[in-house]
Amino acid sequence: SQARIQSKVISGTLAPVWDHNATLAQWSVGDALIFTVWDKDPNRRDEMIGRAQLSSAAFFPAGFEGDLPLTQPGKGANGSLRVKIEAPRCTGMWGGAPMSTNSAKEHKAALS
């Protein structure tokens with residue numbers, strides 16, 4: 001099964017800053033991180049803004065900090081997601097990889 005982390009909704013801006021920190025419960029070398037950004041408006045269906053993926057080779061073992069371009073954009077949007085990943089200090093299955101700023105295997109971030 002996939003681990004999933006969701007940030008809080010940031011309202012009233014077209015340039016949200018989540019400043020979200022989380023720890024991924026289980027992670028294995030080779031697992032990619034997938035970030036999905038959503039637009040959330042009252043009385044309307046959530047709409048995907050875009051998606052970004054980061055392979056484990058890009059953040060393990062040294063970590064990663066930078067911008068990931070959003071692909072599959074909805075609503076004609078384009079942009080990027082800034083993330084910082086602190087990799088675990090051991091190999092194999094690990095239950096506690098510190099993740100910050102919108103980090104998860106499958107992440108649903110919402111804005112309105």
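Which residue forms a salt bridge with R44? In this predicted model, the partner of R44 is D41, with the closest N and O atoms 3.2 Å apart. R44 is exposed, at 52% relative accessibility, whereas D41 is partly exposed, with a relative accessible area of 22%. The value for R44 counts as exposed because the class begins over 50%.

The chain comprises one helix and eight strands. Read from the N terminus, the elements follow the order β-β-β-β-α-β-β-β-β. Of the 112 residues in the chain, 42% are buried. Among contacts between residues at least 6 apart in sequence, 59% join residues that are at least 24 apart.

Three salt bridges are counted in the model. Besides the pair of R44 and D41, one of them joins the side chains of K40 and D46, with an N to O distance of 3.8 Å. K40 is partly exposed, at 35% relative accessibility, and D46 is also partly exposed, with a relative accessible area of 23%. Both values lie between the limits of 20% and 50%, so neither residue is classed as buried or as exposed.

A further salt bridge is formed by R82 and D67, whose closest N and O atoms are 2.7 Å apart. R82 belongs to strand β6 and D67 to strand β5, which spans residues 64-69, so this pair ties together parts that are 15 residues apart in sequence. R82 is exposed, with a relative accessible area of 56%, while D67 is partly exposed at 39%.

One cavity of 30 Å³ or more is found. The space in the largest cavity amounts to about 30 Å³. Its lining consists of D39, K40, D41, R44, R45 and E47. By residue class, the lining holds six charged residues, no polar residues and no nonpolar residues. Residues of two salt bridges recur here: R44 and D41, which pair with each other, are both in the lining, as is K40, which pairs with D46.

The largest nonpolar core contains 21 residues, of which L33, F35, F59 and L81 touch the most other members. Two or more residues of this core come from each of β2, β3, β4 and β6, where β4 covers residues 47-54 and β6 covers residues 80-85. In soluble globular proteins, nonpolar side chains tend to be buried together.

W27 is placed in the loop between β2, residues 21-24, and β3, residues 33-39. Despite this loop position, W27 is buried, with a relative accessible area of 0%. The value falls under the 20% limit, and W27 is therefore classed as buried. W27 and S56 are separated by 29 residues in sequence, and their C-alpha atoms are 9.7 Å apart in space.

Backbone geometry was also examined. Most residues other than glycine have a negative phi, and most peptide bonds are trans. D19, which is not a glycine, has a positive phi of about 45°. D19 is located in the loop between β1, residues 4-6, and β2, and D19 is exposed, with a relative accessible area of 58%. N43, also a residue other than glycine, has a positive phi near 60°. N43 occurs in the loop between β3 and β4 and is exposed, with a relative accessible area of 84%. The values for D19 and N43 are over 50%, so both residues fall in the exposed class.

The peptide bond between F60 and P61 is cis, with omega at about 15°. P61 lies in the loop between α1, residues 56-59, and β5.

Methods:
Residues numbered from 1 in each chain as written. Predicted model: local features only at pLDDT ≥ 70, side-chain atom pairs only at ≥ 80, totals over all residues. Heavy atoms only, no water. 1 Å grid on protein atoms, 1.4 Å probe; cavity = no way out; pocket = protein on both sides within 12 Å on 5 of 7 lines; lining within 4 Å. Points joined across faces, edges and corners; volume = space filled by probe spheres on them. Nonpolar A, V, L, I, M, F, W, Y, C, P; charged D, E, K, R; others polar. Helix = DSSP H or I, 4+ residues; strand = E, 2+ residues; numbered from the N terminus. Buried < 20%, exposed > 50% of the residue type's maximum accessible area, 1.4 Å probe, protein only. Core = buried A, V, L, I, M, F, W, Y, C linked by side-chain atoms within 4.5 Å. Salt bridge = Lys/Arg side-chain N within 4 Å of Asp/Glu carboxyl O. Contact = heavy atoms within 4.5 Å.
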